[in-house]
Amino acid sequence: MSLQTSYPDIFKHLFAFNLDEFLQGVFLYLDPASLKNCQCVSKEWKSYIERRLWNSRVARKKLKTRLNLLWKNGSFIIEQFAESKGTLYCIACDDKSVYCGTVDGFTEVYDVVSGNLKFELCCKADASVGAVQFDVGEYDIAALTESGNISIWDKESGKLTYQANHHGENISVFGIKVVNKFVVTGAGDGSIFLLEKDQRGEWEIKCKIYKNKEEITHIDSDEGWLVTGTRSSIKTWNIAELEQGPRPDPIAVHPWMLILHFPFIFVVGGELWEGFQVWNVMTGSKIRDIQLNSKKFHTLSSNGDFVVISEIVELWPGNEPVDIFIFVFDIKELCDEKIPDVKLWRRVRICEQSYAGGEVNAAINKTSLVVSHGTSVNIQRFWGEGFNDNNALLN
């Protein structure tokens with residue numbers, strides 16, 4: 001639609017009489033995809049929407065509140081999103097892309113709106129076969145394989161910018177995290193390496209930490225803090241002071257996977273223990289130990305407002321498919337000790353898992369819930385597709 005296209009006289013009069021509040025209410029009723037189309041009607045509409053909606057703190061807050069209500073109360077269809085070239089081991093998403101790690105060493109990157117494959121990243125340095133794990137930052141994708149090969153890719157172009165087995169031969173690596181212009185890796189010998197991108201855009205190892213002697217199984221970071229999971233505990237580190245070692249008094253729980261929203265940490269135990277826990281890493285206190293019908297969970301994903309956990313069930317050849325439960329919780333509620341567990345809001349998805357397809361994984365961004373099983377990926381969108389062009393709205 002052209003900017004020169006005429007539009008109804010009633011809107012001309014509304015603009016002429018400076019009825020800002022009324023107009024803002026009309027536009028706020030629309031989903032972001034429709035708002036994007038409205039910007040094409042005229043220069044006046046374009047300027048108004050940018051000024052009074054996208055650049056308005058009040059309007060952003062209203063739209064965010066509306067989106068949260070859709071997450072909690074809306075009912076949306078589940079769409080087939082993509083078919084991977086290989087069996088999927090892990091999945092993640094942000095407001096532009098869906099990232100799929102395969103069991104044979106590749107990471108596939110799909111456009112979150114269209115589902116089209118943008119590029120495929122080979123994360124292994126040789127012909128060996130190994131599952132991929134990865135973390136996605138603002139500008140980079142950092143991946144690791146079971147053999148300890150670390151690779152870093154530019155998120156927009158898919159260009160390889162770093163690849164090395166920097167922890168050493170025959171040392172497993174299970175933890176990787178992108179933190180602004182840094183990438184942190186944690187290894188089976190307990191070592192932590194911090195890589196930094198220099199002014200030329202090249203990665204170099206800034207420091208190597210050997211103070212921890214326990215195998216690192218998972219890591220995460222938030223607000224300048226790093227947490228490392230081992231087979232006996234969770235340790236907290238100040239990233240600016242890594243060489244001084246972790247804080248005293250680690251949390252005595254063995255995490256399968258964890259997510260840090262400082263100072264709170266969300267933990268699942270995989271095959272080791274049942275339920276879902278929330279801890280305060282600064283006080284060492286357990287905020288919640290949520291039990292959900294003796295279910296065990298193996299993955300977590302967060303969009304800053306909600307966290308999703310995926311059930312793990314071990315199947316053997318000849319077993320019939322089973323129903324797997326995926327739960328979405330409100331992060332603010334989880335961190336509020338005044339709310340009893342039975343009063344927590346939750347959204348539930350039930351998926352079928354077969355032996356051939358492997359585990360069910362779920363990931364979340366601001367507007368969508370993405371689920372994978374085998375080679376199949378589906379998506380449940382809680383707002384219009386055009387929202388992805390305006391993801392800063394919800395920051």
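Reader: In what sense do strand E12 and E13 pair, and over how many bridges?

Author: In this predicted model, strand E12 (residues 192-197) pairs with E13 in the antiparallel sense, over six bridges. Two strands count as paired if there are at least two bridges between them, so the six bridges satisfy the criterion. Within this pair, glutamate 196 stands opposite glutamate 204 in E13.

Reader: What makes strand E10 and strand E13 edge strands?

Author: The open sheet has four strands in the order E10-E11-E12-E13, with antiparallel pairing. Strand E10 (173-179) and strand E13 (203-209) each pair on one side only, and they are accordingly the edge strands. From one strand to the next, the twist averages 20°.

Reader: Why does threonine 217 count as buried?

Author: The relative accessibility of threonine 217 is 16%. Buried means under 20%, so threonine 217 falls in that class. Threonine 217 lies in the loop between E13 and strand E14 (218-222). Leaving aside neighbours within four places in sequence, its contacts are Phe174, Gly229, Thr230, Arg231 and Pro255.

Reader: How do you know which classes of residue line the second largest pocket?

Author: The lining consists of Lys64, Thr65, Asn68, Leu69, Lys72, Asp305, Phe306, Asp330 and Lys332. Asp and Lys count as charged, Leu and Phe as nonpolar, and Thr and Asn as polar, so the lining has five charged, two nonpolar and two polar residues.

Reader: Which helix provides the largest share of that lining, and what is the volume of the second largest pocket?

Author: Helix H5 (residues 57-73) provides the largest share, five residues. The volume of the second largest pocket is about 220 Å³.

Conventions. Residues are numbered from 1 along each chain as its sequence is written. This is a predicted model: local features need pLDDT of at least 70, side-chain atom pairs count only at pLDDT 80 or more; totals for chains, interfaces and linings use all residues. Side-chain values use heavy atoms; hydrogens and water are left out. On a 1 Å grid over the protein atoms alone, a cavity is a set of points where a 1.4 Å probe fits but cannot get out, and a pocket is an open set with protein on both sides within 12 Å along at least five of seven lines; lining residues have an atom within 4 Å of a point. Grid points are joined across faces, edges and corners, and a volume is the space filled by probe spheres set on the points. Axes are lines fitted to C-alpha atoms, for helices over the stretch in contact, and angles run from 0 to 180 degrees between N-to-C directions. Buried means under 20% relative accessible area, exposed over 50%, partly exposed in between (1.4 Å probe, protein chains only). Contact means heavy atoms within 4.5 Å.
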